[in-house]
Amino acid sequence: KPRVSARLAAIAESATLAVDAKAKALKAAGRPVIGFGAGEPDFPTPEYVVEAAVAAAKDPASHHYSPAKGLPVLREAIAAKTLRDSGYEVSPDNVLVTNGGKQAVYQSFAAVLDPGDEVLLPAPYWTTYPEAISLAGGRAVEVFAGADQDYLVTVEQLEAARTDRTKVLLFNSPSNPTGSVYSPEQTEAIGRWALEHGIWVITDEIYEHLVYDGATFTAIQRAVPELADTTIVVNGVAKTYAMTGWRVGWMIGPTDVIKAATNLQSHLTSNVSNVSQHAAVAALTGDLSAVATMREAFDRRRRTMVEMLDAIDGMTVPTPRGAFYCYPSVEGVLGRTIRGRTPTTSVELAELILEEAEVAVVPGEAFGPSGYLRLSYALGDDDLAEGVGRIRELLA
Ligand code: PLP
């Protein structure tokens, strides 16, 4: 018998790991590596959030187990925040607080999938989705949208991929890795199509506050209220409040699903750290001025990066209007000989860029098909200009 279960042995090694390990090794050897790999804001958590956590840590009430589902005060804050930001009412009873949005992603799939159920997964997609889907017993069916359509899938493409086994549509807008944002009209059309065919929607709204160029975030359940009984929202404080290390996320869904997911979580992780939950209460009940300041910096960096990447021969860069990633197509670079090497995949190109320019980028293979690079612009302005400048020089 194999030592490691077939179920876990099937989890793919993240394609980001190879690049990341090499970048770290180079850095450790004293090389001036610039990293565009990180999926997190470079800012510290706002001070008032940290203060709330300090106060909570000093309160013995925080020192013991609390309800697996989350502190009532936090679930109320999440319900109020949903009304404020998404424009519809939910009961705190329909909120489950999780260890980051990542746990909410897995538990959402686990709550609704049976073996053989298919999930329509718009590609490029965030690395975790296909693994969470297969761990939950489902089958991811990729629906690809390229740079020519701003990485946004259409109802026609979804319909072409639909079968009798389709149970769920994964929806992520603004998107990691592409930074694309669905318009209110596109969101509604997709929501109506899901409703018509009785397809569940798992909507990952973690980048809701990071939109630029007048783009607006549209909650799919706001666009199509009748979806309430078959929609699960995934969200968290990580990206909006620079709180990736605090591990607070949540899922919102119909009563039966939230009950099932809570049962799972009660055996898996129980309650999220009480200190972190109180920090999240402060973040969610405060105003959005800290995120406005960070968004301004991201926006400035986004413009710089798009402009610089666009000037590189062979790259096609749809302007991202959300999150903090650029996702250029590098088809026009592959097959070209650069410093004696001829990369034919984005993994090979990312390796070349790391070795020759000492810049770390994530290859498209981590998010679906080859032929793309993901660059996060959540890093300082000077590093950003220096890093993209090095790539431009290398590929010139
Ligand atoms: N969803 C998306 C699309 C993400 O990019 C991330 C983080 O990278 C998450 C969810 C999960 O974030 P966390 O678990 O840190 O809350």
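How many of the 396 residues of the protein count as buried? The share is 49%. A residue is buried if 20 or more other C-beta atoms lie within 10 Å of its own, exposed if 12 or fewer, and partly exposed in between, with C-beta atoms placed from the backbone.

Keep two points in mind on this tour. This is a predicted model: local features need pLDDT of at least 70, side-chain atom pairs count only at pLDDT 80 or more, and totals for chains, interfaces and linings use all residues. Residues are numbered from 1 along each chain as its sequence is written.

**Stop 1: the whole protein**

Show the whole chain as a cartoon. The protein has 14 helices and twelve strands. Helices (H or I, at least four residues) and strands (E, at least two) are DSSP runs, numbered from the N terminus. The radius of gyration is 21 Å, close to the 21 Å that the globule rule gives for 396 residues, so the protein is as compact as a globular protein of that length. That radius is taken over C-alpha atoms, and the rule is 2.2 Å times the number of residues to the power 0.38. Along the principal axes, the C-alpha atoms fill a box of roughly 60 × 55 × 55 Å.

Now think about contacts. Two residues are in contact if their C-beta atoms, placed from the backbone, lie within 7 Å. Take the contacts between residues at least 6 apart in sequence: 73% of them join residues at least 24 apart.

**Stop 2: the seven-stranded sheet**

Select β2 to β8. Seven strands form an open sheet in the order β2-β8-β7-β6-β5-β3-β4, with mixed pairing. Two strands pair if DSSP finds at least two bridges between them. Look for the edges: β2 (95-98) and β4 (139-144) each pair on one side only. From one strand to the next, the twist averages 20°. Axes here are lines fitted to C-alpha atoms, for helices over the stretch in contact, and angles run from 0 to 180 degrees between N-to-C directions.

Start at the β2 edge. Four bridges join β2 to β8 (residues 249-252), and the two run antiparallel. Pick Leu-96, and its bridge partner in β8 is Met-251.

Next, add helix α5. This helix packs on the sheet and touches β2, β5 (166-172), β6 (200-204), β7 (231-236) and β8. Its direction makes about 30° with that of β8. Then add helix α10 (residues 255-268), which lies across β2, β7 and β8 and runs at about 25° to β2.

**Stop 3: inside the sheet, at β6**

Select β6. Which way do its side chains point? Trp-200, Ile-202 and Asp-204 point one way, Val-201 and Thr-203 the other, and all are buried. Five bridges join β5 to β6, and these strands run parallel. One pair to click is Phe-171 and its bridge partner in β6, Thr-203.

**Stop 4: the ligand**

Select the ligand and the residues around it. A residue is near a molecule if its C-beta atom, placed from the backbone, lies within 6 Å of it. Of the 14 residues around the ligand, Gly-100, Gly-101, Lys-102, Asn-176 and Gly-236 come nearest. Which helix gives the most to this shell? Helix α5 (residues 100-112) does, with four residues. Colour the shell by class: four residues are nonpolar, eight polar and two charged. Ala, Val, Leu, Ile, Met, Phe, Trp, Tyr, Cys and Pro count as nonpolar, Asp, Glu, Lys and Arg as charged, and the others, Gly among them, as polar.

**Stop 5: two loop residues**

Go to Asp-117, in the loop between α5 and β3 (118-123). Asp-117 counts as partly exposed because it has 18 C-beta neighbours inside 10 Å. Leaving aside its neighbours within four places in sequence, Asp-117 is in contact with Gly-138, Arg-165 and Lys-167.

Jump to Pro-67, in the loop between α3 (47-58) and α4 (72-86). Pro-67 has 13 C-beta neighbours inside 10 Å, so it counts as partly exposed. Draw a distance to Thr-262: the two are 195 residues apart along the chain, yet their C-alpha atoms are separated by 10.0 Å.

**Stop 6: the three-stranded sheet**

Select β9, β11 and β12. These three strands form an open antiparallel sheet in the order β9-β12-β11. The edge strands, β9 (325-326) and β11 (362-363), each pair on one side only. Two bridges join β9 to β12 (residues 373-376), and Cys-326 stands opposite Leu-375. Two bridges also join β11 to β12. There, Pro-363 has Leu-373 as its bridge partner.

Finish on β12. Leu-373 and Leu-375 lie on one side, Arg-374 and Ser-376 on the other, and all are buried.
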